Amino acid sequence: MQEIKQLDEAIRNTISAVQKGREDIMSISGSARQQRDELLAKLVDLKGEILDVITAVDRLEREEKLARIHLMEVNRNFNKYTEKDIQQAYEEAQHIQLQLSQMREREAQHRQRRDQLEIMVRRVNETVERAKKLETQVGMALELISGGLQGVTVKLDEIQLRQQVSLRIIKAQEEERLRVAREIHDGPAQSMANVVLRAEICEKLMSVEPDKVRAELHDLKDMVKESLQEVRKIIFDLRPMVLDDLGIVPTLRRFIAELQKRTDMNIELVVLGGEEQRLASVLEVAIFRIVQESLNNIYKHAEAKRCVIKLEILPGRINISIADNGRGFDTERTMQNMDVDCFGLLGMRERVELLDGQIKIVSKPEKGTEIHVSIPIKG
Ligand SMILES: Nc1ncnc2c1ncn2[C@@H]1O[C@H](COP(=O)(O)OP(=O)(O)OP(=O)(O)O)[C@@H](O)[C@H]1O
Ligand SMILES: [Mg+2]
């Protein structure tokens with residue numbers, strides 16, 4: 001739990017850091033765009049000014065040419081013009097030349113400034129483009145991180161749940177071992193100790209009271225027989241050998257016959273689709289365990305008069321139902337508040353889900369219980 005919390009926090013921090021990065025990029029891209037627009041406006045103004053300067057240069061060139069022609073004419077016909085005229089023409093031409101060179105200088109400066117502005121616009125444009133690309137990439141990364149890493153959390157949740165289930169299975173196995181150990185300890189082990197004790201008494205009485213020894217030996221034989229039966233029951237409960245030898249239906253019949261000896265309840269087994277049909281071992285064990293647990297529950301909790309087990313073996317599927325007319329129970333409450341010591345129904349559900357099957361438990365207090373299981377037969 002702690003690790004998931006830490007991971008959640010790390011994911012949230014990463015996402016907010018990336019989000020912050022995205023906002024920074026957006027603000028950089030915004031100001032770059034603004035800078036580009038300003039530069040473009042300046043460039044437009046400058047280009048207008050260049051056009052004006054070029055027109056002025058053209059005009060001045062024309063004027064300068066005329067002034068030069070006029071000066072040459074005044075020089076050539078100096079008897080026609082006064083000295084003042086010559087002086088004026090000369091000054092006029094010089095003045096225009098000065099203006100022209102100033103205007104040309106201005107044109108060169110403007111062109112240089114224009115080139116610089118164009119380079120700057122190109123650079124800012126590159127920044128805008130790069131920021132745009134980054135924005136999309138970071139957006140995609142953000143989506144990936146939030147989607148992907150949330151997936152990781154979900155996966156971790158699943159792993160944790162599986163771990164919990166595994167722990168419960170291990171605990172259930174331990175409880176089962178404890179149950180078997182207790183059964184052997186209270187039953188056969190106790191009897192064996194008794195047998196040894198009474199055999200020792202027989203040994204001592206052998207020569208003194210042979211009749212008593214005979215009676216004692218008779219009791220001993222019964223005791224050993226009883227123990228043998230108990231041991232057989234324990235072995236059957238652990239793993240019925242007959243399941244591997246004869247298959248599911250004969251095993252269930254034997255199990256029911258054994259249970260019938262201990263209860264007045266009427267148990268009926270209905271098989272549809274083949275009394276001798278063999279299934280994959282894992283499936284046969286699962287079916288046996290499901291029916292075994294259901295019958296044990298009925299025996300322990302239901303106080304039922306009657307119980308019907310139906311086994312329907314279809315080509316690709318096996319359906320099992322176990323119905324009793326006992327006192328029933330609140331399934332929802334039981335499954336929700338599943339006591340730590342109740343593994344029967346939980347184990348049944350896990351077994352069925354492991355085999356890709358479905359289980360449905362229908363029960364209401366005082367209405368009896370029905371368990372429906374359907375498992376696909378694969379291969
Ligand atoms: N056929 C039934 N009739 C009435 N109550 C039932 C029946 N089957 C189950 N229950 C109720 O559901 C509860 C849970 O059953 P589950 O088999 O999971 O646990 P359990 O039998 O109490 O313990 P465990 O199976 O681990 O020895 C039981 O305690 C019982 O109250
Ligand atoms: Mg049970």
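In which strand does Val-271 lie? Val-271 belongs to strand S1, which covers residues 266–272. Good morning, colleagues. Before I continue, please note that the structure in front of you is a predicted model.

Let me stay with Val-271 for a moment. Is this residue buried or exposed? Its relative accessibility is 18%, and buried means under 20%, so Val-271 counts as buried. Setting aside residues up to four places away in sequence, Val-271 touches Val-249, Arg-253 and Leu-311. By contrast, Gln-35 stands 236 residues from Val-271 along the chain, and the C-alpha atoms of the two are separated by 85 Å.

I turn now to the magnesium ion, which is ligand 2. Which residues act as its protein donors? They are Glu-293, through OE, and Asn-297, through OD1, at 2.0 to 2.1 Å from the ion. Both donors are part of helix H6, residues 281–302, and they are 4 residues apart, about one turn of the helix. An α-helix has 3.6 residues a turn, so residues three or four places apart point the same way. As for accessibility, Glu-293 has a relative value of 22% and therefore counts as partly exposed, while Asn-297, with 15%, is buried.

Helix H6 also contains Gln-292. With a relative accessibility of 8%, Gln-292 counts as buried. Apart from its neighbours within four places in sequence, Gln-292 is in contact with Asp-237 and Phe-255.

Next, I come to ligand 1. There are 16 residues around ligand 1, and those that come nearest are Glu-293, Asn-297, His-301, Phe-343 and Leu-345. Glu-293 and Asn-297 are thus listed here as well as among the donors of the magnesium ion. Which helix gives the largest share of the shell around ligand 1? That helix is H6, with 6 residues. Helix H8, residues 344–354, likewise supplies at least two residues of the shell, as H6 does. By class, the shell comprises 6 nonpolar, 6 polar and 4 charged residues.

Several polar atoms of the protein lie beside oxygen atoms of ligand 1. In the side chain of Asn-297, an N or O atom is 2.8 Å from an oxygen atom of the ligand. For Lys-300, a polar side-chain atom lies 3.0 Å from a ligand oxygen. For Leu-345, the atom concerned is a backbone N or O, at 2.9 Å from an oxygen atom of ligand 1. On its own, ligand 1 has 600 Å² of accessible area, and the protein covers 81% of that area.

Leu-345 brings us back to helix H8, where Leu-345, Leu-346, Met-348, Glu-350 and Val-352 are buried.

Finally, a word on backbone angles. Most residues other than glycine have a negative phi. Where, then, are positive values found in this model? Just after H8, Asp-356 takes a positive phi of about 60°. Glu-303 has a phi near 50°, and its place is in the loop between H6 and strand S2, residues 306–313. At 63% relative accessibility, Glu-303 counts as exposed. Glu-366 has a phi near 65° and is found in the loop between strand S4, residues 358–363, and strand S5, residues 369–376. Glu-366 counts as exposed, with a relative accessibility of 63%.

To close, I would direct your attention once more to helix H6, which holds both Glu-293 and Asn-297 and provides 6 residues of the shell around ligand 1. Thank you for your attention.

Methods:
Residues numbered from 1 in each chain as written. Chains lettered and ligands numbered in written order. Predicted model: local features only at pLDDT ≥ 70, side-chain atom pairs only at ≥ 80, totals over all residues. Heavy atoms only, no water. Donors = N, O, S within 2.8 Å, 3.2 Å for Na, K, Ca; no water. Buried < 20%, exposed > 50% of the residue type's maximum accessible area, 1.4 Å probe, protein only. Near = heavy atom within 4 Å. Polar contact = N/O pair within 3.5 Å; in protein donor to acceptor, adjacent residues only side chain to side chain. Areas by Shrake-Rupley, 256 points an atom, 1.4 Å probe, with all protein chains shown as cover. Nonpolar A, V, L, I, M, F, W, Y, C, P; charged D, E, K, R; others polar. Contact = heavy atoms within 4.5 Å.
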